[in-house]
Amino acid sequence: MSLTIFTRRDKVPTDLQIIDNNDLYFIGYSNIPADAVTAKILSSVDGVERVSNTLFDSKFIKDATLSKDMLSTGAKTLLNIMQHSDKCFNTVECGENALICLKDLTSGYALVEVCCVSFVGDSSCDLIIDGKLFTDFNEATDYMYHGGESG
Amino acid sequence: MRITDDDMKTKIDVILNEGLNVIMDNSGTGKTYLMSLISSYCICHEVPYLLINSSNYDIMPPTGKFTIILLDNANLYGTPDYLTKCCDMADYVLCSSKTLPNVTGHKLTLSSLTYTEGTLEVRPYDVYI
C-alpha cells in the first residue's frame, strides 16, 4: 500500500474529509501504537520514547511521563495519518523533520500544500502524489516543492 | 527583555527584542511548550499577557495593552494586519511560525530556540527594521 498525498485542497476527493486541526483530532481519536514506524516518528520528530498507548517519556522534564496530548503537532499529524485511513490530514503544522517522516508511511491520506525539505539518506518511498507514483523521496519532495508541477 | 525562571520544571531563559520575535523551527523542538511556560511565568509574576493559537485567535480584544503577546503557529492565522495589531498592543510579541511573517512599522527579530541541560533558551540572531 502507499501513502496518498494531495498538493492542493481542491485535489482531495469530495467524499474524503479533510482534518485541519490535528491536535484536537488526535486527542479524541488517536493514540500511540506499539510499532516500529511509530517509534521512529517519536524518536526523529519529538526525540522521545513510547511508554504506553497514551503515555510517553518527556525530554524536557527529567523522569516525567506525559500524556499523548503533549506530543508535538507534527508527530500527532503523522500518527493521525497512520491510524485513520478514511480521513485526509493537513500537514501545514508539520516541520521539516515531520515531513521527512512521510516517506516511512505506507497508508493513509495527507494534504501537503507547503513542502520545503532537504533530505539525505535512503530515499526509497512508496507515495502516490496527485495520482502519480513516486518511489524516490527526493523526486517526491521536488514535485511537492513546486506545488504539484514537475520541477 | 529577559525572562528567566529556574524554579520551573523546565527552566526558561528567553531574550526578547521589542516588536515581533519569530521562532521558525522543526516539529518537537518545544515551541508550543515554551509558550505555555512563558504563560505560566506571566501568571506567576503578574505580567499582562495574551496566549493566542489557531483555536482562539478570533477572540483578540479590540483594545488593550499587554507586555507580551504569544502567538503559537502564527502562520495559520497571522495576517499582516493581525500581526501589526498585536505589535501595537504589546511591547513584545513572540510567535512561532513555519513561514516568515509580514509586519509593517515594527522591528522583526528572528530567534533561535534551543534545549540544553534542562533549559529552553531563546536568543535573537537576526534583526530586520
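Just after helix H2 of chain A, A:Gly47 takes a positive phi of about 70°, a value that, like the others in this briefing, comes from a predicted model. The points below begin with that helix, continue with A:Asn90 in a strand of chain A, and end with the two pockets that rank as largest and second largest.

**Helix H2 of chain A**

- At the N-terminal end of H2(A), A:Asp35 acts as a cap, with a side-chain oxygen that lies 3.2 Å from the backbone nitrogen of A:Val37.
- Within the helix, which spans residues 36-46, the buried residues are A:Thr38, A:Ile41, A:Leu42, A:Val45 and A:Asp46.
- Because these residues cover an arc of only 95° around the axis, they are on the same side of H2(A).
- In an α-helix there are 3.6 residues a turn, so residues three or four places apart point the same way.
- The cover over the buried residues of H2(A) includes H3 and helix H4 (96-100) of chain A.

**A:Asn90 and its surroundings**

- A:Asn90 has its place in strand S5 of chain A, which runs over residues 87-90.
- With a relative accessible area of 7%, A:Asn90 counts as buried, because the cut-off for that class is under 20%.
- The side chain of A:Asn90 makes a polar contact with the side chain of A:Asp20 at 2.8 Å, and it also reaches the backbone nitrogen of A:Val92 at 3.0 Å.
- When residues up to four places away in sequence are not counted, A:Asn90 touches A:Arg9, A:Ile19, A:Asp20, A:Asn22, A:Thr77 and A:Leu111.

**The largest pocket**

- The largest pocket has a volume of about 820 Å³, and of the 37 residues that line it, A:Asp23, A:Leu71, A:Thr73, B:Thr32 and B:Tyr33 are the closest to its centre.
- Two or more lining residues are given by each of helix H1 (22-29) and helix H3 (73-83) of chain A, together with helix H1 (31-44) of chain B.
- H1(B) supplies the largest share of this lining, namely five residues.
- By residue class, the lining of the largest pocket divides into 12 nonpolar, 16 polar and nine charged residues.

**The second largest pocket**

- The second largest pocket has a volume of about 380 Å³, and its lining consists of 16 residues, of which A:Cys94, A:Gly95, A:Glu96, A:Cys116 and B:Lys98 lie nearest its centre.
- The lining of the second largest pocket divides into seven nonpolar, six polar and three charged residues.

Notes. Residues are numbered from 1 along each chain as its sequence is written. Chains are lettered from A and ligands numbered from 1 in the order in which they are written. This is a predicted model: local features need pLDDT of at least 70, side-chain atom pairs count only at pLDDT 80 or more; totals for chains, interfaces and linings use all residues. Side-chain values use heavy atoms; hydrogens and water are left out. On a 1 Å grid over the protein atoms alone, a cavity is a set of points where a 1.4 Å probe fits but cannot get out, and a pocket is an open set with protein on both sides within 12 Å along at least five of seven lines; lining residues have an atom within 4 Å of a point. Grid points are joined across faces, edges and corners, and a volume is the space filled by probe spheres set on the points. Helices (H or I, at least four residues) and strands (E, at least two) are DSSP runs, numbered from the N terminus. Ala, Val, Leu, Ile, Met, Phe, Trp, Tyr, Cys and Pro count as nonpolar, Asp, Glu, Lys and Arg as charged, and the others, Gly among them, as polar. Buried means under 20% relative accessible area, exposed over 50%, partly exposed in between (1.4 Å probe, protein chains only). The arc is that of the directions from the helix axis to the C-beta atoms. Contact means heavy atoms within 4.5 Å. A polar contact is a pair of N or O atoms within 3.5 Å; within protein, one must be able to donate a hydrogen and the other to accept it, and residues adjacent in sequence count only if both atoms are side-chain atoms.
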